[in-house]
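Open the model in your viewer and keep the selection tool at hand. The stops below go one selection at a time.

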Amino acid sequence: MLEVKTIDKPDERRDFPRGHLEALHLTGLDFAVATFEPGWRWSESVGPIAGTDSCEVHHNGFVVQGRMRLRMDDGAESEVGPGDVFVCPPGHDAWVVGDEQVVVYDFAGGMAVGYAKAKE
């Protein structure tokens, strides 16, 4: 089955402090476009919604704009910016670096399905 959707018309949008996520759901692919404003930090903006100490979502991402710092629970850190493709397993914090909005495309699926949703 051929499916085509545009990110200009997401299936859903989730707002959280200093950011939002737009999700598209296709057969075999849940795709997310995440936008983070300057001052956004996962542990402050999404952590209270998720109810966990660190982000437990696996990310396969592509950075469209802005810079973001990632810190794993084991202390490993990296910074990603425009044009970077990254894989980030569960167990991390992340935050916007600088004064530019960060836009990330995430192909792993977990972000589109459950990110920034309260646990039931």
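Select residues 62-93. In this predicted model, that stretch is 0% helix and 62% strand. Its end C-alpha atoms are 17 Å apart. According to UniProt, in an unreviewed entry, residues 62-93 carry the feature "domain: (S)-ureidoglycine aminohydrolase cupin".

**Stop 1: the hairpin**

Stay with that stretch and pick E5 (67-72) and E6 (77-80). The two strands are antiparallel and joined by four bridges. Show Arg69 and you will find Glu79 as its bridge partner in E6. Four residues separate E5 from E6 in this hairpin. Click Gly75 in the turn: phi is positive, about 100°.

**Stop 2: Asp93**

Move to Asp93, in strand E8. Is Asp93 buried or exposed? With a relative accessible area of 13%, under the 20% cut-off, Asp93 counts as buried. Draw a distance from its side chain to that of Ser43: this is a polar contact at 3.0 Å. Now expand the selection to contacts, skipping residues up to four places away in sequence. Asp93 touches Arg41, Trp42 and Ser43, and also Arg69, Leu70 and Arg71. Arg69 is the residue whose bridge partner you saw in E6.

**Stop 3: the six-stranded sheet**

Switch to cartoon view. Which strands make up the open sheet, and in what order? There are six, ordered E1-E2-E3-E9-E4-E7, with antiparallel pairing. Colour E1 (12-16) and E7 as the edges, since each of these pairs on one side only. From one strand to the next, the twist averages 25°.

Now isolate E9 (102-106). Four of its five residues are buried, so E9 counts as mostly covered. Add the strands listed on either side of E9 in the sheet order, E3 and E4:

- E3 pairs with E9 over five antiparallel bridges. Thr35 has Val103 as its bridge partner in E9.
- E4 (residues 59-65) is joined to E9 by four bridges, again antiparallel. Gln65 has Val103 as its bridge partner, while Gly61 has Asp106.

Centre on Val103 to see both partners: Thr35 and Gln65.

**Stop 4: two residues of E3**

Select Thr35, which lies in strand E3. Thr35 is buried, at 7% relative accessible area. Leaving out neighbours within four places in sequence, its contacts are Phe16, Arg18, Gly19, His20, Gln101, Val102 and Val103.

Slide along to Phe31, also in E3. Phe31 is buried too, at 9%. Apply the same sequence exclusion, and its contacts include Ile7, Glu22, Ala23 and Leu24. Tyr105, Asp106, Phe107 and Ala112 are also among them. Next, measure from Phe31 to Met111, C-alpha to C-alpha. They are 80 residues apart in sequence, but 7.7 Å apart in space.

**Stop 5: the nonpolar core**

Where do the nonpolar side chains go? In soluble globular proteins, they tend to be buried together. Here the largest nonpolar core has 27 residues. Show Phe16, Phe36, Trp40, Met68, Met111 and Tyr115 as sticks: these have the most contacts inside that core. Strands E2, E3, E5, E7, E8 and E9 each supply at least two residues of the core, as does helix H3 (110-114).

Set Trp40 as the centre. Not counting residues up to four places away in sequence, Trp40 touches Phe16, Pro17, Arg18, Ser45 and Val46. Met68, Ala94, Trp95, Val96 and Tyr115 complete the list. Apart from this core lies another, of five residues, including Leu24, Leu26, Val33 and Val103.

**Stop 6: two positive phi values**

Finish with the backbone. Select Arg18, in the loop between E1 and E2. Its phi is positive, about 65°, although Arg18 is not a glycine. Arg18 is partly exposed, at 46% relative accessibility. You met Arg18 among the contacts of Thr35 and of Trp40.

Then jump to Ala116, in the segment after H3. Phi of Ala116 is near 65°, another positive value in a residue other than glycine. Unlike partly exposed Arg18, Ala116 is buried, with a relative accessible area of 13%.

Notes
Residues numbered from 1 in each chain as written. Predicted model: local features only at pLDDT ≥ 70, side-chain atom pairs only at ≥ 80, totals over all residues. Heavy atoms only, no water. Core = buried A, V, L, I, M, F, W, Y, C linked by side-chain atoms within 4.5 Å. Buried < 20%, exposed > 50% of the residue type's maximum accessible area, 1.4 Å probe, protein only. Contact = heavy atoms within 4.5 Å. Pairing = 2+ DSSP bridges. Axes fitted to C-alpha atoms, helices over the stretch in contact; angles between N-to-C directions. UniProt positions renumbered as here; feature names shortened; annotations may be inferred. Polar contact = N/O pair within 3.5 Å; in protein donor to acceptor, adjacent residues only side chain to side chain.
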